[in-house]
Amino acid sequence: QVQLVESGGGSVQAGGSLRLSCGISGYYANRRDRLMAWFRQAPGKQREGVAAIYTLTGRAHYVDSVQGRFTISQDVAKNTVYLQMNSLKPDDTAKYYCAADPDGRTLYGPLDFTRYGAWGQGTQVTVSS
């Protein structure tokens, strides 16, 4: 089983920064071929892939709207994935979810919701103008 626990959400003014953390536990924590991602969902909108990272290579993918503002990173020893969010905008307001691909659904892209079979409970990010 895979457990994902997010933290670090909160409220911030536009232009501010937040860092989200996702702790990984369970059997998946011991694998080095992990694919981890951050998604977000605003009220009335579909869940959107924000950023993803491959544990083995460190290669990252971003949705265009956060490119240059958000950075996904990892601490492999701590089994933790981070999302550093800078220059936040009101449009970034959403609940942010950590996700893992324990089943290796390689038919889907790294920012595709269908790729991920394990999810955290989410953490709210609110950006005011």
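# Exercises on a predicted all-strand model

The side chain of Glu6 comes within 2.8 Å of the backbone nitrogen of Cys98. The model is predicted. The exercises start from Glu6 and move outward.

## Exercise 1. A buried acid

Find out which backbone nitrogens the side chain of Glu6 reaches, and which side chain of opposite charge is nearest.

Solution.
- Step 1. Place the residue. Glu6 sits in strand 1, residues 2–7.
- Step 2. Check for a charged partner. Glu6 is buried and has no salt bridge. The nearest side chain of opposite charge is Arg47, 7.5 Å away. A salt bridge needs a nitrogen and an oxygen within 4 Å.
- Step 3. Look at the backbone instead. The Glu6 side chain reaches the nitrogen of Cys98 at 2.8 Å. It also reaches the nitrogen of Gln121, at 3.0 Å.
- Step 4. List the surroundings. Beyond four places in sequence, Glu6 touches ten residues if you count the names: Ser21, Cys22, Trp38, Tyr96, Tyr97, Cys98, Gly120, Gln121, Gly122 and Thr123.

## Exercise 2. The overall fold

Work out how many helices and strands the protein chain has, and how its radius of gyration compares with the globule rule.

Solution.
- Step 1. Count the elements. The chain has 0 helices and 11 strands. Along the sequence, the pattern reads β-β-β-β-β-β-β-β-β-β-β.
- Step 2. Compare with the rule. The radius of gyration is 14 Å, close to the 14 Å that the globule rule gives for 129 residues, so the chain is as compact as a globular protein of that length.
- Step 3. Take the dimensions. The C-alpha trace spans about 40 × 30 × 25 Å along its principal axes.
- Step 4. Check burial. Of the 129 residues, 44% are buried.
- Step 5. Check the contacts. Take those with a separation of 6 or more: 57% of them join residues 24 or more positions apart.

## Exercise 3. The nonpolar cores

Identify the residues that touch the most other members of the largest nonpolar core, and the strands that each supply at least two residues of that core.

Solution.
- Step 1. Name the hubs. The largest core has 31 residues. Leu4, Met36, Trp38, Leu83, Met85 and Tyr96 touch the most other members.
- Step 2. Name the strands. At least two core residues come from each of strands 1, 3, 4, 5, 7, 8, 9 and 11.
- Step 3. Find the other core. A second, separate core holds 6 residues, among them Leu35, Ala37, Ala99 and Tyr116.
- Step 4. Zoom in on one hub. Beyond four places in sequence, Met85 contacts Gly16, Ser17, Leu18, Leu20, Arg69, Phe70, Tyr96 and Val125.

## Exercise 4. Salt bridges around Arg40

Decide which residues form salt bridges with Arg40, and which network Arg40 belongs to.

Solution.
- Step 1. Start with the total. The model has 6 salt bridges.
- Step 2. Take the Glu48 pair. Glu48 and Arg40 form a salt bridge, with their closest N and O atoms 2.8 Å apart. Glu48 is partly exposed at 28% relative accessibility. Arg40 is buried at 6%.
- Step 3. Take the Asp92 pair. Asp92 and Arg40 meet in a salt bridge at 2.9 Å, N to O. Asp92 lies in the loop between strand 8 and strand 9 and Arg40 in strand 4, so the pair ties together parts 52 residues apart in sequence. Asp92 is buried, at 1%.
- Step 4. Add a further pair. Arg105 and Asp103 form a salt bridge at 3.2 Å. Arg105 is partly exposed at 31%, and Asp103 is partly exposed at 49%.
- Step 5. Join the partners. Shared salt-bridge partners link Arg40, Glu48, Arg69 and Asp92 into one network.

## Exercise 5. Positive phi in two loops

Place Asn79 and Ser87 in their loops, and decide whether each is buried or partly exposed.

Solution.
- Step 1. Recall the background. Most residues other than glycine have a negative phi.
- Step 2. Take Asn79. Its phi is positive, about 50 degrees, although Asn79 is not a glycine. Asn79 lies in the loop between strand 7 and strand 8. Its relative accessible area is 16%, so Asn79 is buried.
- Step 3. Take Ser87. Its phi is also positive, about 50 degrees. Ser87 lies in the loop between strand 8 and strand 9. Its relative accessible area is 43%, so Ser87 is partly exposed.

Notes
Residues are numbered from 1 along each chain as its sequence is written. This is a predicted model: local features need pLDDT of at least 70, side-chain atom pairs count only at pLDDT 80 or more; totals for chains, interfaces and linings use all residues. Side-chain values use heavy atoms; hydrogens and water are left out. Helices (H or I, at least four residues) and strands (E, at least two) are DSSP runs, numbered from the N terminus. Buried means under 20% relative accessible area, exposed over 50%, partly exposed in between (1.4 Å probe, protein chains only). Lys and Arg count as positive and Asp and Glu as negative; His and the chain ends are not counted. A polar contact is a pair of N or O atoms within 3.5 Å; within protein, one must be able to donate a hydrogen and the other to accept it, and residues adjacent in sequence count only if both atoms are side-chain atoms. Contact means heavy atoms within 4.5 Å. A nonpolar core is a set of buried Ala, Val, Leu, Ile, Met, Phe, Trp, Tyr and Cys residues joined through side-chain atoms within 4.5 Å. The radius of gyration is taken over C-alpha atoms; the globule rule is 2.2 Å times the number of residues to the power 0.38.
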